[in-house]
Each structure stands twice: as C-alpha cells, then as structure tokens.
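Reader: Please take a close look at the salt bridges in this model. I want pairs, distances and exposure, and then the domain contact.

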Amino acid sequence: MFAIRLSFAFGVVMLIIKWYAYYLTGSSAILSDAVESIIHIIGVGFAVFSMWYSFQPADEEHTYGHQKISYFSAGFEGALIILAAVYIIYISIKRLIVGVEISNLDQGVLFTFIASVINLILGVYLVWKGKKTNSIILVANGKHVLTDSWTSFGVVGGLLLTWLSGWHPFDPIVAIAAALNILWSGGKLVRQSIGGLMDEGDKNLAGSIKKILDKETLSKGLEYHLLRFRKSGNIVWIEFHLLLPKGILLEDAHKIATELESTIKNNLNSQVNIITHLEPLEIHDELHTELHK
Ligand SMILES: [Zn+2]
Ligand SMILES: [Zn+2]
Ligand SMILES: [Zn+2]
C-alpha cells in the first residue's frame, strides 16, 4: 500500500509542477502533459482503492475474493488516458490552425525536465516493487508513470526545438506526438483489462502447468484431462480431471491428488488454488459423457 500511496502523492506534485509550467508558457505540449496529470490522479486514486479492495479476503458475496478489481482499475485508467489523448490532439490541431502564442520557454523546459526525472525514478521503483510483490496494479501504475516520463522528456525535446528554432508550430506538433504515445499506453491498459476480465488464457502459464502435470502423472502412471485455469489478479485458479486406477481407496486417491496439487503450487510463483475431479481410469469413457465431449 505504501508504494501506491507514494505514487498518488507524487501525482499531486506533478499536477502542480505541470500546470504551473503551462501557466508560465501557454505551450500546447506542456498543456498535454498537464491535462494528463489530472487524469493521472483520478486513475491512481482508483488504483489505491482497488489495491485496498483486492486485499480484502473472500466473503459470502465474493467467494473467489476481490482480486478482479485490479482489471477494472487498469481498464478505467486506460480509458481516462485515451480521453486525455483525444483532448490534447483536438487542442493541438486547433492551435496549428489559429496560431500559437508561447512565452517563458526556458522555465517551461526546466520544470518539465524536473517532472520527467521524478517520474522516471518513481516509475522504475513502482515496476520493481510490483514485480517483487506480484502486484499487477503496481506494475500497471509503474508502467503508466514511465510512459508519462517519456512523454515529458519528449515535450522537453520539442520545447528545446521550438526555443532554438523560434518556429512555434513545433510546439503543437510535439504535443500531438506526445498524445499519440499517451494513446498507445492507454490502449494497452484497456486491452490488458479486457484480457483479464475475459479470463484470456496465458500461454506461458499454460505451458508451465502442462509441463508439471505431464511429468507428475507420467511418473505415477496416472492421466489427466480437461485442464482449465484462470487468473484473478495474482491468484491462479486451476481445475482438471485426474484419472486413477479403479478400486483405489478414497484416502489413497485423495493423498495422490493432494501431493500433485502441492507440486503444482510449489512450482508456480503465484498464489494457486487447485480443484481436481477424480475419475477411475479404466471405465472413464462410460462416465458422465456430457463432460467429455
Ligand atoms: Zn499519467
Ligand atoms: Zn474426465
Ligand atoms: Zn482434500
């Protein structure tokens, strides 16, 4: 929780720096950064709430826990970012048509540069912390902050170009380029959240689970099928049918299944929940055929 709160606090600092820089210069490129900083705070605010909510244990209303909120968080943040980008492009095209009035470019460059550096450090920290704690909310937020940092560095470059060349239309052109970058990062967040909400399969994870299952069942002379899994935040839910020799004692079957489940859990580096459905190997084909089409 500390990291996401820190991100929120820096979001507020960025908002002040960027709007002050816009107030000084009237630059479209800086405005694009400043508009994003408002959206940014709303997005991070929602991420703070989501983080807290995702930590709440499962209850009667949400028997699978509350982790899925993280996909809403990412999707909401992405949608806001897309809105900001569209607004920036609109403003910039308007300025290209009616003309550009900018002043105090040197101070604008300085403030925006400071903002870029702060965001770069913050973004690297958030991604590092998120990967360490397996938190997709933190990683998404860190990547977002890094995108903002690159956008600001781009704005600094554009402002320097405008300043050195004295050709003002450079400014809205750079703003449009920055907006396209923002649009791209927003699109990626939305894409990621749809994937999570739709339980989109993860090829790497599927590969790891199958590898463990193949190895373990082969060595024990068992079989498995109908493997399914889905992720809810950083928790993985796995289910499959496990085929054991018919006539085996229930307690032996349970022991084998439990051992297999522990092996899978120990080999995946996420929190894992597994449900196995036990079936007799030899007469399997005659049983509940509706499950095995
Ligand atoms: Zn942002
Ligand atoms: Zn089966
Ligand atoms: Zn059991």
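Author: The salt bridges come first, then the contact between the domains.

This is a predicted model, where local features need pLDDT of at least 70, side-chain atom pairs count only at pLDDT 80 or more, and totals for chains, interfaces and linings use all residues. Residues are numbered from 1 along each chain as its sequence is written, chains are lettered from A and ligands numbered from 1 in written order, and side-chain values use heavy atoms, without hydrogens and water.

Side chains of opposite charge can pair when their charged atoms come close. The structure holds 8 salt bridges (a side-chain nitrogen of Lys or Arg within 4 Å of a carboxyl oxygen of Asp or Glu).

Take Asp33 and Lys18. Their closest N and O atoms are 3.8 Å apart. Asp33 sits in helix α2 (residues 28-54) and Lys18 in helix α1 (residues 2-25), 15 residues apart. Helices (H or I, at least four residues) and strands (E, at least two) are DSSP runs, numbered from the N terminus. Asp33 is buried, at 2% relative accessible area. Lys18 is buried too, at 4%. Buried means under 20% relative accessible area, exposed over 50%, and partly exposed in between (1.4 Å probe, protein chains only).

Next, Lys231 and Asp202 form a salt bridge at 3.1 Å, N to O. Lys231 lies in strand β1 (residues 223-232) and Asp202 in the loop between α6 (170-197) and α7 (203-220), so this pair ties together parts 29 residues apart in sequence. Lys231 is partly exposed, at 32%. Asp202 is also partly exposed, at 24%.

Arg228 pairs with Glu239, with 3.3 Å between the closest N and O atoms. Arg228 is in strand β1 and Glu239 in strand β2 (residues 235-244), 11 residues apart. Arg228 is exposed at 53%, whereas Glu239 is partly exposed at 36%. Shared partners also join Lys68, Asp199 and Arg230 into one salt-bridge network.

Now the domains. The assignment gives domain 1 (2-197) and domain 2 (203-291); such bounds come from an automatic or database domain assignment. Their centres, taken over C-alpha atoms, are 43 Å apart. The contact (heavy atoms within 4.5 Å) takes 9 residues from domain 1 and 8 residues from domain 2. Across this interface there are 0 salt bridges.
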